[in-house]
Amino acid sequence: DVIPSFSYGSKSRPSTPIAHVVGNQYATEHEEALDVQYRMLEESRKMQQKTIIKLTKASSARIADARTTRRLTLDPPEPKEPFKLTKFKKVQSKMEFPAAIRKSRSTPTLQRMSFEEDITLP
C-alpha cells in the first residue's frame with residue numbers, strides 16, 4: 001500500500017458501547033430528562049392556576065338559556081296588556097250586575113266539600 005491509513009470499501013459503523021448499555025446509563029439519562037420536563041410542566045401549571053375550558057357553541061348557548069330563565073324566575077317581567085284596537089280601548093262595558101243578582105240563590109256554590117261530607121251514608 002502506498003498510504004498506510006487508507007483502506008478500501010465502505011466504512012463500518014462504530015461499535016455499540018456495551019458498557020453503557022449494560023450499566024443502564026442511557027435509561028438513567030432519559031429518566032433525568034423526563035424529570036426535568038415534568039418539573040417544568042408543573043411550574044407552568046402553578047403559574048396559570050386557572051384551567052381554561054373552551055366552550056362549544058351548544059354549551060355556551062345552554063349556559064345563556066339557563067341564565068335568562070333564572071333571571072326571568074327571579075324577576076318576572078310585567079304582564080303585557082292584552083291586544084285591543086285603539087278605538088275600543090276607551091269603551092266602557094254596558095253590562096252591569098246589581099248586587100242582588102251577583103249573590104243569587106241560583107248561582108252554584110263553588111266551595112270544596114270536605115272529605116267527611118262526601119262519605120256520609122244515610
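Start at T73, whose side chain reaches back to the backbone oxygen of R70 at 2.8 Å. T73 sits in helix α3, which covers residues 57-74. Is T73 buried or exposed? With a relative accessible area of 62%, T73 is over the 50% cut-off, so it counts as exposed. Keep in mind that what you're looking at is a predicted model. For the helix that holds T73, that's fairly comfortable ground: α3 has the highest confidence in the protein, at a mean of 95. At the other end of the scale is helix α5, residues 115-119, where the mean drops to 54, the lowest in the protein. Taken over the whole chain, the mean pLDDT is 81, and 78% of the residues reach 70 or more.

Now step back to the overall layout. The protein has 5 helices and 0 strands, so reading from the N terminus you simply get α-α-α-α-α. How much of it is buried? Of the 122 residues, 0% count as buried. The accessible surface comes to about 14000 Å², and carbon and sulfur atoms account for 58% of that.

Some of that surface is easy to pick out at the start of the chain. V2, I3, F6 and Y8 make up a nonpolar surface patch, with about 540 Å² of accessible area between them. I3, one of these four, lies in the segment before α1, and α1 itself takes up residues 18-22.

Move on to the loop between α1 and α2, where you'll find N24. Most residues other than glycine have a negative phi. N24 isn't a glycine, yet its phi is positive, at about 60°. N24 counts as partly exposed because its relative accessibility is 44%, which falls between the 20% and 50% cut-offs.

Next comes helix α2, which runs over residues 25-48. Does its length come out right, or wrong, for 24 residues? At 1.5 Å a residue the helix should span 34 Å, and its end C-alpha atoms are 35 Å apart, so the two agree. Just after α2 there's another positive phi to look at, this time at Q49, with a value of about 65°.

Helix α2 also holds a salt bridge: the side chains of E42 and K46 meet there, at 3.8 Å from N to O. Why can these two pair up along the helix? They are 4 residues apart in α2, which means that about one helical turn separates them. The partners are not equally open, though. E42 is partly exposed, because its relative accessible area is 46%, whereas K46 counts as exposed, because its relative accessibility is 57%. How many salt bridges turn up in the whole structure? The search finds 1.

Technical notes
Residues numbered from 1 in each chain as written. Predicted model: local features only at pLDDT ≥ 70, side-chain atom pairs only at ≥ 80, totals over all residues. Heavy atoms only, no water. Patch = residues over 30% accessible without salt bridge, like charges linked within 9 Å, V, L, I, M, F, W, Y side chains within 5 Å. Areas by Shrake-Rupley, 256 points an atom, 1.4 Å probe, with all protein chains shown as cover. Salt bridge = Lys/Arg side-chain N within 4 Å of Asp/Glu carboxyl O. Buried < 20%, exposed > 50% of the residue type's maximum accessible area, 1.4 Å probe, protein only. Expected span 1.5 Å × (residues − 1). Polar contact = N/O pair within 3.5 Å; in protein donor to acceptor, adjacent residues only side chain to side chain. pLDDT = per-residue confidence, 0-100.
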